[in-house]
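Let's take a walk through this one together, strands to begin with and surface patches after that. Keep the viewer open as you read.

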Amino acid sequence: MIEKKSYNVLGIDSGLCGTAGIRRYRAQKEGFILTQRTRLGQERKRQRRRIMRRRRILIAALAALAVIYIWGCFYYSRHFYGGGTVFGIAIRGQTVESLKEGVREKIGSYSLTIQTRDGEETITAEAMWLEYDDQEEIDALFAEQTPALWFLMFRTTKDDLDVAMTIDERMLGEAVGALFCMQTENMTAPTDAYLEYEDGAFVVRAETYGNQLEYDTVYPVIYDAVFGGDSVISLDELSCYVAPEVYSDTEGLLTECDEVNRAAAVEITYDFSDRTMVVDGSMIAEWIVFGEDFSWSLDEEAIADYTYEMTYETDTFGQTHTFTTSYGSEITLKGGDYGWCINQSQTVEQLVGLIQAGEPVTTEPVYRYSGICRDTDDIGDSYVEVCISTQTMWVYSEGECVVTTSIVTGDVAKGYDTPSGGVWAIDARLQDYMMTGQDYDVEVSYWLPFTGNVGIHDAAWRSEFGGDIYKTNESHSCVNTPVSAMKTVYEYVQIGWPVIVY
């Protein structure tokens, strides 16, 4: 038995079953080849049509571009293609004449709006006689243009071409001067930031800007704006206003504020024993004087006025004293050289230095003359009391009477009266002192002068004291004292002690 086989070649099923099969196989194969050749031919035709179509499109495009380019060359041989401006007018697409006409019209209708801090104002071309002055700048610009390169228009610069204009500067000046904002009565000057004392401290007060303008600043700004073709300008943005010189955040002002606050925080207490006078921040603040470049100083004249008041209230030197005698009566004493006297000039220097030091302190003024007690009643409780009418002397030390003695004062008959009715101070303490006068030369063991050559001393040559001796038995104004009492007097009495004579 013979097995039959079949094959599929190129999609043709063939059976090996004899001659008929072979012929059928060959026919199928030839048909397949013919079909493939037909398909290939059709594909080649389609490719040739596509190529031709592309060539026609390319040729059409090139032709169109050529037409556009030629048209552009023709068009831009009469028109601008640049991207710039002239007096704010775009030049692209303009002819020389149309651009000139546009510039002429725009300049003729030009007006400048001026923004101020108080509103807006306007200056027109007519007000300043503004006109276009053709200097052929536009012609020159067009001459520089190459029509064949018009297609590069988008790479051209966008600068603004300056064109000549004529203006009557006198008319412009008058227009500027006539602006509402330029009138003096409508201006408020700026103020600098400054320091002010409030609620116990200096604080910074902010600057104010005002609206003050100066013609020499405004005119050139407006002039430039006109020739620059600007339609609106802001005087504020162009820094035309007179500005403050010192601002609230200026470093120098803030440093100065810290310094004066340290000074004003000082409290200086002047001690007068039973009373005080206090210099506090409010007083110091009034004395601070602000200078240039954030400097400050103290008003020494004002401080001198204060020390004068201090002197007036507390000085006792040569002033009237009220005194209660050992007899219990109250008397008024005028004159003498005992008491306290402030040295005003040195106290001013002292006070200035204490304020600048910046530290609180309790102190005393600088004295020209000083006493023993600084109470209001500055005689105190240590003093020498001399009563001429009773020829008695008392010495009190810290309120205790340590000496009571009879004395002999100046010889009234010869005009050697002992100075009285006042308070004097012991000027010196001397022992074994030689007293010399016109008609005497005598040595004493103890000498306590209190006014000139008048003083208290022992009188060993006298055997009697008190009574009316002083009226006839001479003493050359001094207070003659028994030797035994004088020794005790000398032990207690010190320089500066008050001597009351009445």
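How many residues does the hairpin use to join S5 to S6? Two residues make the connection. Keep in mind as you look that this is a predicted model. The strands on either side of that hairpin are S5, covering residues 111-116, and S6, covering residues 119-124. They run antiparallel, and six bridges join them. If you want a landmark in the pairing, pick Gln115, which stands opposite Glu120 in S6. While you have the ladder on screen, here's a handy rule of thumb: in a regular strand, side chains alternate between the two faces of the sheet.

Now move over to another bit of sheet. Here three strands form an open sheet in the order S4-S3-S8, and the pairing is mixed. Strand S4 (89-90) and strand S8 (160-161) each have a single partner strand and stand at the edges, so one side of each is left without a neighbour in the sheet. Strand S3, residues 85-86, runs parallel to S8, and two bridges join them. To find that contact quickly, look for Val86, which stands opposite Leu161 in S8.

That's it for strands; on to the surface. Start with the positive charges: Arg44, Lys45, Arg48, Arg49, Arg53, Arg54 and Arg56 form a positive surface patch. Take Arg44 as your way in. This residue sits in helix H1, which spans residues 19-75. Is Arg44 buried, partly exposed or exposed? Its relative accessibility is 48%, so Arg44 counts as partly exposed, given that the exposed class needs over 50%.

For the opposite sign, go to helix H9, residues 300-314, where you'll find Glu301. Together with Asp305, Glu309 and Glu313, Glu301 forms a negative surface patch. Glu301 has 66% relative accessibility and therefore counts as exposed.

The last stop is a patch without charge in its make-up. Which residues form the nonpolar patch on the surface? They are Tyr69, Ile70, Leu149, Phe151 and Leu152, and together they have about 450 Å² of accessible area. Phe151 is a good one to click on: it lies in the loop between helix H4 (137-143) and S8, the strand that stands at an edge of the three-stranded sheet. With a relative accessible area of 45%, Phe151 is partly exposed.

Terms used: Residues numbered from 1 in each chain as written. Predicted model: local features only at pLDDT ≥ 70, side-chain atom pairs only at ≥ 80, totals over all residues. Heavy atoms only, no water. Pairing = 2+ DSSP bridges. Helix = DSSP H or I, 4+ residues; strand = E, 2+ residues; numbered from the N terminus. Patch = residues over 30% accessible without salt bridge, like charges linked within 9 Å, V, L, I, M, F, W, Y side chains within 5 Å. Areas by Shrake-Rupley, 256 points an atom, 1.4 Å probe, with all protein chains shown as cover. Salt bridge = Lys/Arg side-chain N within 4 Å of Asp/Glu carboxyl O. Lys, Arg positive; Asp, Glu negative; His and termini not counted. Charge placed at Lys NZ, Arg CZ, Asp CG, Glu CD. Buried < 20%, exposed > 50% of the residue type's maximum accessible area, 1.4 Å probe, protein only.
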